[in-house]
Amino acid sequence: MKRNLLVFFSLLALAFASTAFAAGETATGTLTISGTLAGSITLSIGGGNAGATTGGTIALGTVSKYGTYSPPAGFSRSNNGVGTSPWRIGGGTWTVTVDQANVDTPANGYALTSSIGSGSGTGITWTEGVTSSDTPVSSSVDLSNGSAHDIFTSGANKGSYGTASTHTLNIDITDSAAPASVNPLTRTITFTATAN
Amino acid sequence: VLLLLAALCLSPRAALAQAGATLSAAPAVVNLQGKTGQSATQTLTISNGANQVMAFEMVAKDVIVRNGRRVFVSAGDLPGSIAATAVFSQRLVTVSPGDVARVDVTVTIPPNPSGRAMVAFFQGTTKIPNGPVAATASLGILFVFTLSDNLSMHTTPLVIQPPTRTSNLAASQDCVNSGTEPVIAKGILAIVDRAGHIVGKSALPDHRLLPGERVSIRTDYGGELSPGRYRALVTYDLGLKSVTSTAEFQVR
């Protein structure tokens with residue numbers, strides 16, 4: 001009987017010990033995760049026939065009305081016969097896509113402006129054509145004065161997130177335009193997007 | 001021979017950034033509440049996904065509504081310009097490819113502010129040497145300020161196009177922010193039958209409206225409706241108040 005009791009209490013002690021061990025294995029702790037979700041927007045330039053990308057460049061090369069000219073991808077020279085003026089380097093296209101995540105009112109869309117930064121010079125006109133399933137402020141924007149011009153604004157003229165708009169660049173040059181002490185075909189086209 | 005070679009020293013450089021490279025900014029929108037004289041500081045982040053170094057100048061502009069559209073106005077051009085109070089922790093920012101830059105901006109609400117919104121721009125200034133045409137990007141972060149409880153919105157009559165065999169029910173109307181503060185209109189369309197039971201609901205997309213701004217709101221309801229007369233109710237929750245409009249329609 002004594003022996004049975006000894007065995008019983010020994011087993012009981014073992015049971016408690018294993019329970020304590022198991023409890024030690026599954027001890028709980030806490031880890032507080034904190035953070036703030038912020039809406040964000042992104043702009044990318046790409047697509048089209050000109051091979052443009054965000055921060056990329058398009059080398060027009062040495063451009064002249066007469067003589068041989070090998071334009072870059074997407075561009076061509078036109079209206080360059082004798083007696084015609086202005087003549088044109090143009091036709092290059094690319095797309096601009098603005099997308100968002102976690103913006104509180106995505107239905108408001110975004111605003112987009114375009115600028116070449118400084119005036120194009122006398123006799124030279126930079127024109128940007130815009131096609132989109134949205135309704136741009138204008139389908140043709142004269143960028144020549146260097147100011148920022150509205151492409152999309154708000155309301156009926158907003159840009160829709162994730163919808164690419166296609167932009168076509170045409171540069172019209174009169175025969176009397178001065179060739180270039182200031183390199184008039186050197187411009188950075190800046191697209192600026194803002195969430196509405 | 002007429003050979004007019006323009007001395008346009010255009011570089012053959014055509015180092016294009018990686019396809020699909022993007023520029024990103026966060027937060028996209030900052031909603032602030034406060035009173036005149038109060039200041040707030042916000043950290044702005046820009047990420048350069050292009051494969052070349054991008055440079056930016058921090059610029060603030062006011063946003064006002066003119067002829068129903070938003071217009072950016074240079075800081076200080078308007079009396080009570082909020083943008084004119086913007087102080088950036090650094091004015092010029094350079095971001096390496098794949099890198100991120102952060103700039104703090106502190107704005108203070110002036111007495112009699114000209115508007116209720118401004119934009120802080122990461123204004124791209126990257127200059128491409130040696131001639132080529134370049135494309136670059138800037139991103140703006142919208143700041144919206146609510147300074148009182150004067151929230152108000154007017155709506156035009158609700159227009160319902162009943163469903164047909166080939167089209168869903170469509171509800172549309174214009175909303176105009178007629179108060180002095182910005183609002184976010186959170187709308188919901190409810191369709192009620194003659195017995196007063198709600199037989200369908202559809203959420204409208206949320207819209208932010210600055211004072212004076214107008215927007216056309218439209219939604220479709222794709223549920224089945226038996227022939228009969230119904231009433232459509234659209235309720236916009238503006239936060240502190242709501243605006244409701246109704247219209248009756250017949251389904252044949």
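Two strands are said to pair if DSSP finds at least two bridges between them. In the predicted model examined here, this criterion is met by strand β14 (residues 183-193) of chain B and strand β15 (residues 198-203) of chain B, which pair in the antiparallel sense over 5 bridges. Within this pairing, B:V192 has B:I198 in β15(B) as its bridge partner. The two strands form a hairpin, with 4 residues between them. In the turn, B:G196 has a positive phi of about 90 degrees.

Strand β14(B) also takes part in further pairings. With strand β18 (residues 228-237) of chain B, β14(B) pairs in the antiparallel sense over 8 bridges, and B:G187 has B:Y236 as its bridge partner in β18(B). Strand β16 (residues 207-209) of chain B is joined to β14(B) by 3 bridges, and these strands run antiparallel; here B:A185 is matched with B:H207.

Chain B as a whole contains 19 strands and 0 helices. Of its 252 residues, 47% count as buried. Where contacts in chain B link residues at least 6 apart in sequence, 67% of them join residues at least 24 apart. The accessible surface of chain B comes to about 11,900 Å², and carbon and sulfur atoms account for 50% of that area.

The largest nonpolar core comprises 76 residues, of which A:L43, A:L60, A:W94, A:W126 and B:M118 touch the most other members. Strand β10 (residues 133-146) of chain B supplies the largest share of this core, 9 residues. Another core, of 26 residues, lies apart from it and includes B:L151, B:L189, B:Y236 and B:F249.

Terms used. Residues are numbered from 1 along each chain as its sequence is written. Chains are lettered from A and ligands numbered from 1 in the order in which they are written. This is a predicted model: local features need pLDDT of at least 70, side-chain atom pairs count only at pLDDT 80 or more; totals for chains, interfaces and linings use all residues. Side-chain values use heavy atoms; hydrogens and water are left out. Buried means under 20% relative accessible area, exposed over 50%, partly exposed in between (1.4 Å probe, protein chains only). Contact means heavy atoms within 4.5 Å. Accessible areas come from the Shrake-Rupley method with a 1.4 Å probe; for residues, only the protein chains shown count as cover. A nonpolar core is a set of buried Ala, Val, Leu, Ile, Met, Phe, Trp, Tyr and Cys residues joined through side-chain atoms within 4.5 Å.
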